[in-house]
Amino acid sequence: GESNPRHVIPSFVIGHHSTTMTEQEWRGVLYPFLSRVVTDLLLVAVPKNRRVVVVEPMVAPSTVRAALAHVLLNELAFHAVLFVPGPISIPYALSSPTSPNTQQQPKLLIDIGATEARIVAVEGGRYLMDTFQAVPCGFHTLASTWMDLVNKNNAKTTQDQDITIRIPTLQDAMRLLSQVLLVPAKQSSQAIVASLSTTDSISLDPTLVMELVEELYFNSNNPESLVCGMLESLRQCPLDLKLPLAQSMVVVGGGSLAIPNLEKRLLEALSSISVPQKYASLSPILSKASLVSPLPIPPHTIAWVGASILASLELKDEYWMTIPEPPQPTDEIMVSSSTVSSPIVRDFFQIK
């Protein structure tokens, strides 16, 4: 497997209708995008000699998977496709020559993305679906919530004026939030002035950001916080795995890079919080909690690297999706060579 991606391409946003799009609609969106990636960036001349590994979320819509399979196999003519859930691939990136079976050991994966954080336990090459939790504390969600608060506060303080300075777009909010998050705690009482894309300037209070981060990530009294998601995932684990999982937590995803000292603050929160009664049984193990840190691979590419390693292994052919070969024509049955059946989409590691 390769240790780093050759290209990192910003994802494109379809919009709020993406959850209701049909497979045919997804094909129309994915084909031009993937065609450009294959021909312009990767310079793949003969796709039929290549295999593709798709790292996907645990709860990927079936329409997206079917559309991806169709575009890659039928339209771009790749030889085979393998769909791998992100939680399955990450442990492969954590293995080493001295610990080759790391991917089999229990881990609690905390994947912080754009809109949400997903927590799930992985053990023995499988994820434990009962432990899956999703909480709304991705970086885009944090930026959107902060933007609404700032604009609401500014509207109150400037109601007697003709012009209200607002953060106009989510892109502005994410850029400004990244700047404010880097302000040292000892300077958080000092407002900072930042420029907007509209050429206006806005005064920002770092204290508001710190309070929001505390609420969304570390407040155990907020059932939708990251800490509560981790506690609930641990609570759903089998009894014999609770301690090993608490001692082997892994924070990944691009959203984890936005919060300074996130891993350290998570451990401090777990060891010092007043545990809600619902999670009282976890108290003995929380003081022993630990994180795999630092990671050997950047958290936003670790799933890709793990999938690259996984694809280099000698997997059985039945794990890979291919287009069935058309039957050879005989004297009794004549089959057109243009007859190609659609691939069957199936879950990775269901076959044993």
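Over which residues does pLDDT stay under 50? That stretch is residues 331–352, for which the model nevertheless has 41 contacts beyond four places in sequence. Here pLDDT is the predictor's confidence in each residue, from 0 to 100, and contact means heavy atoms within 4.5 Å. For the protein, the mean pLDDT is 81, and 81% of residues reach 70 or more.

A few notes apply to every view. This is a predicted model, in which local features need pLDDT of at least 70 and side-chain atom pairs count only at pLDDT 80 or more, while totals for chains, interfaces and linings use all residues. Residues are numbered from 1 along each chain as its sequence is written, and side-chain values use heavy atoms, with hydrogens and water left out. Helices (H or I, at least four residues) and strands (E, at least two) are DSSP runs, numbered from the N terminus.

**View 1. Helix α1 packs against helix α2.** Residues 23–41 form α1 and residues 62–75 form α2; their axes are 9 Å apart, at an angle of about 50°. Axes are lines fitted to C-alpha atoms, for helices over the stretch in contact, and angles run from 0 to 180 degrees between N-to-C directions. That angle makes α1 oblique to α2; angles under 35 degrees count as roughly parallel, over 145 as roughly antiparallel, 65 to 115 as roughly perpendicular and the rest as oblique. The crossing is right-handed, meaning that the near helix is turned clockwise from the far one by less than a right angle (anticlockwise would be left-handed). Look for E23, W26, R27, L30, Y31 and L34 on the α1 side, facing residues of α2 that include V64, L68, V71 and E75. The contact has 10 nonpolar, 2 polar and 3 charged residues, where Ala, Val, Leu, Ile, Met, Phe, Trp, Tyr, Cys and Pro count as nonpolar, Asp, Glu, Lys and Arg as charged, and the others, Gly among them, as polar.

**View 2. Four strands build an open, mixed sheet.** The order is β5-β4-β3-β8, with β5 (126–135) and β8 (249–252) at the edges, each pairing on one side only. Two strands pair if DSSP finds at least two bridges between them. From one strand to the next, the twist averages 20°. Strand β4 (residues 117–123) runs antiparallel to β5, and 6 bridges join them; V122 stands opposite Y127 in β5.

**View 3. Helix α9 lies across β3 and β8.** Made of residues 262–272, α9 runs at about 140° to β8. Helix α7 (residues 226–235) packs against α9 at about 65°, with the axes 11 Å apart, in a right-handed crossing. L226, V227, M230 and L231 of α7 meet L266, A269 and L270 of α9. This contact has 7 nonpolar residues, with no polar and no charged ones.

**View 4. Helix α5 packs against helix α6.** Their axes lie 10 Å apart at about 95°, with α5 covering residues 170–181 and α6 residues 206–218. That makes α5 roughly perpendicular to α6. L177, V180 and L181 of α5 touch P206, V209 and V213 of α6, and these contact residues divide into 6 nonpolar, no polar and no charged.

**View 5. Two backbone details sit in loops.** Most residues other than glycine have a negative phi, and most peptide bonds are trans. The bond from S293 to P294 is cis, with omega near -5°, and P294 is in the loop between α10 (283–286) and α11 (302–312). A77, in the loop between α2 and β2 (80–85), has a positive phi near 65°.
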